[in-house]
Structures are given as structure tokens and as C-alpha cells.
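Got the structure open in your viewer? Let's take a walk through it, one selection at a time.

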Amino acid sequence: MLTCTYIEKGKFALTEKPKPKIQHERDAVVRVTLASICSSDLHIKHGSVPRAVEGVTVGHEMVGVVEEVGSAVTNVKPGDRVTVNVETFCGECFFCKRGYVNNCTDKNGGWALGCRIDGGQAEYVRVPFADCGLNKIPDCVTDRQALFVGDVLATGFWAARISEITKDDTVLIIGAGPTGICTLLCVMLKCPKQIIVCEKDESRIRFIREHYPNVLTVTPDKCLEFVREKSGQRGADVVLEVAGADTTFRLAWECARPNGLVTVVALYDSAQTLPLPDMYGKNLTFKTGGVDGCDCDETLRLIAEGKIDTEPLITHTYPLEEIEEAYRIFENREDGVIKIAVECGTTDKS
Ligand SMILES: [Zn+2]
Ligand SMILES: [Zn+2]
């Protein structure tokens, strides 16, 4: 079968590999229908994910149809349409039992698919702990509507869930990339008084204005002043930092009001400083990232009810055979790209 493989630092290539088999009684093999490209895939390509294994099939955001299950799998069966979770988790350890699945202590736990074990930019993928990692897609939800449930939407949903947002709040979201937009969609479900999105890219600001006209937008250079003006000079009650740029961590806590909450969703390339003397007396609460992707049934239900719609994020669609061109567009942010759907079921339809 065809796979997109991490060859070495700086290089992904389409390669042929054997179709995966069940290796453990809790495994499932999924025939991938749609996959997507995530910025974490680019981090692997650039060599900034030390745990990523050369030769691994990349891709950790996909939907498909269950092809085969191990003997201990009970929640899904062959023929079920499913979303695949970015995180591998056992469901049984101390952290899993408390919903902190990102910290699953199983040796295969955490971000394994498309990093340490073969992922889903391929025609088939083996999913460990299939009862935890697969969620059935309701009949009324299409593959395209469900594509982001296991990764970027899971992140946005988790970020909004832990941010203690109330109806009186002014919420600032820094960054309107795919994860930022998913975060916005989930923050909107909490109905805060006002939402401000800070983004430097003009085409992304346009996207927000077109699709979510009630959301205020601002560029980073004017952000602090704008947030103060919109909040009676207090600052934002809740800030979600999704951008991960050099200056956005500082911007996040500067824009938060005293006793406010800052949720750091972003993954930074370098260490950030917490200049405690500068923020003394602000009495902030920080929450930091690493999605617990255990709300996928709930997000699928919200999609089925029409309350979350991530389909507009899919700006481009390519067949798996042309994934190298898809990567080029995504990496260079050409043509207003937000997310790319990769059709994986094209080469062998029989
Ligand atoms: Zn990802
Ligand atoms: Zn666990």
C-alpha cells in the first residue's frame, strides 16, 4: 500500500509498505478514507520531534472504516466508520481513569501514531487500544465533517473546556491557525460576552470575519490596547494562547486581567520566560497544554447537532498520490490554505 513516510530530517516521500496487521488483541486496522496534514507533521519533517522514528508513516489525523479488530476489541467492529484519536491511551492507568489520557503511562501511550508507530497518511493504519482510540461517526456526519475530531478539534475542545469560561467573560484567543479556529468554535459554545481573536495573517483574519462575523479581530501590535479598550481597561478574563510565536506568550499574560486565566495551548520551539517580578500582583492562573483527547464522542454529537462545523477549514483536497504537493502548499501557506484533506482510498477501490 501507499504511505507518506518520514525518510530523514527534511524529507518525506511516498513509499510502498505492506498492509498493517493486527499485532495485539486490542488493535484494530482501519482503512483510511481521509487524512489531514498537521503542523506537527512539519515539526517531524524539520527534525524538531526527537521521538519521531525515521521510516515511520506520518499522519495522525484521519477517519476511515474499521477493516479488522483484535479479539479483545468490543466498541467497534469491521465496517464501522470511525475517527482516529491522535493519542494512544490504555484507558486503565491512573491518568487515563481520571481523563488525563495525554499522560497515559502505557509504554505505547501518548502521541505514537505517525510519530513512533506508523500513522495514517496511508491506505491503512493499525490503531492500538482501538476501544479508546476509535470513535464511531454518526450516520448523519460525513467523513469531511469528522476529519478533525481526533486532533485539532480535540485540542480546541479541551482548551475551551479547561478555561472556565463564563457568559460574562471577554475571551481573547491568540492565533487563528487551524487549532486557533477550532478553539474559537469551542469557545463560542460557551457563549462568553465577547470573543477577540488576535492574528497577524491577513487572509486568516478575513476567514474569521467572513465565517464568524460576531467575533472581533485584531493584529498583535494593536492587541493589548484593543483588549483594554473592549474590557473597561481591565484586560481579558480568559486568554487562550494558541499561536506559539516568539512574542505571543508574553502577549497572552499581558492581555489577561488581574486574577484572570491564561490557557497555553501552543507548542513552542523554544523556552519561554515567566518574568514573575513583572507580573507580581496580577495573580494569574496558568494552565498549560497537551490535549486530553477523550471528548471525541461529545464533539461528534455536537457536529451531528450542527453546533460545531469544521468543514470550512478544509480549503484544499488532494489524493494521497499527490500528497507531496499538498505538503508544499501547506508548508508555504500558499493559496489561503488552512487545512488539507487527503483522500487515501483512491488507489485500490476494489
Ligand atoms: Zn496534529
Ligand atoms: Zn493509560
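Two strands count as paired here if DSSP finds at least two bridges between them. Keep in mind along the way that this is a predicted model.

**Stop 1: strand 5 and its partners**

With that rule in hand, select strand 5 and strand 7: they pair in the antiparallel sense over 3 bridges. For one spot to zoom in on, take Val84, whose bridge partner in strand 7 is Leu134. Now add strand 4, residues 62-69, which is joined to strand 5 by 4 bridges and runs antiparallel to strand 5. Here you'll find Val63 standing opposite Thr83 of strand 5.

Which residues of strand 5 are buried on each side? Arg81 and Thr83 are on one side, Val82 and Val84 on the other, and all of them are buried, so both faces of strand 5 are covered.

**Stop 2: helix 11**

Stay in this neighbourhood and select residues 296-304, which make up helix 11. Show side chains for Cys296, Thr299, Leu300 and Ile303, the buried ones. Look down the axis and these four span an arc of only 100°, which puts them on the same side of helix 11. That spacing fits a general rule: an α-helix has 3.6 residues a turn, so residues three or four places apart point the same way.

What covers the buried residues of helix 11? The cover includes strand 5 (81-84) and strand 7 (134-136), along with helix 4 (143-146) and helix 5 (152-162). Step just past the end of helix 11 and you reach Gly306, with a positive phi of about 80°.

**Stop 3: Arg161**

While helix 5 is on screen, pick Arg161, which lies in it. Buried, exposed or in between? Arg161 has 16 C-beta neighbours inside 10 Å, so it counts as partly exposed; the buried class begins at 20. Try a distance label from its C-alpha to that of Cys186: the two residues are 25 apart along the chain, yet the separation is 8.2 Å.

**Stop 4: the parallel sheet**

Next, bring up the open sheet of 6 strands, ordered 10-9-8-11-12-13 with parallel pairing. At its edges are strand 10 (216-218) and strand 13 (285-288), each pairing on one side only. Tilt the view to see the twist, which averages 20° from one strand to the next.

Inside the sheet, strand 8 (residues 170-174) and strand 9 (residues 194-198) run parallel and are joined by 5 bridges. Ile174 has Cys198 as its bridge partner in strand 9. Strand 11 and strand 12 also run parallel, again with 5 bridges between them; there, Val238 stands opposite Leu261 of strand 12. How many of the residues of strand 12 are buried? The count is 7 of 9 for strand 12 (residues 256-264), so the rest of the structure largely encloses it.

Now add helix 6, residues 178-188. Helix 6 lies across strand 8, strand 9 and strand 11 (236-241), and runs at about 165° to strand 8.

**Stop 5: a helix pair**

Select helix 8 (residues 220-230) and helix 9 (residues 248-255), whose axes come within 10 Å and cross at roughly 10°. That angle makes helix 8 roughly parallel to helix 9. On the helix 8 side the contact is made by Pro220, Cys223, Leu224 and Val227; helix 9 brings Leu251, Glu254 and Cys255. Colour by class and you get 6 nonpolar, no polar and 1 charged residues in this contact.

**Stop 6: helix 12 and His316**

Last, select helix 12, residues 323-331, and show the buried Ile323, Ala326, Tyr327 and Phe330. Down the axis, the buried residues fall within an arc of 100°, so they line one face of helix 12. Swing round to the face turned away from that buried side for the exposed Glu324 and Arg328. Among the elements covering the buried residues are strand 1 (2-8), strand 2 (11-16), strand 14 (314-319) and strand 15 (339-343). Arg333, which follows helix 12, has a positive phi near 50°.

Finish on His316, found in strand 14. His316 has 18 C-beta neighbours inside 10 Å, so it counts as partly exposed. Leaving aside residues up to four places away in sequence, His316 touches Ala326, Ile329, Val337 and Ile340. One more distance label: the C-alpha atoms of His316 and Gly336 are separated by 9.4 Å, with their positions 20 residues apart along the chain.

Note on methods:
Residues are numbered from 1 along each chain as its sequence is written. Chains are lettered from A and ligands numbered from 1 in the order in which they are written. This is a predicted model: local features need pLDDT of at least 70, side-chain atom pairs count only at pLDDT 80 or more; totals for chains, interfaces and linings use all residues. A residue is buried if 20 or more other C-beta atoms lie within 10 Å of its own, exposed if 12 or fewer, and partly exposed in between; C-beta atoms are placed from the backbone. Helices (H or I, at least four residues) and strands (E, at least two) are DSSP runs, numbered from the N terminus. The arc is that of the directions from the helix axis to the C-beta atoms. Two residues are in contact if their C-beta atoms, placed from the backbone, lie within 7 Å. Axes are lines fitted to C-alpha atoms, for helices over the stretch in contact, and angles run from 0 to 180 degrees between N-to-C directions. Angles under 35 degrees count as roughly parallel, over 145 as roughly antiparallel, 65 to 115 as roughly perpendicular and the rest as oblique. Ala, Val, Leu, Ile, Met, Phe, Trp, Tyr, Cys and Pro count as nonpolar, Asp, Glu, Lys and Arg as charged, and the others, Gly among them, as polar.
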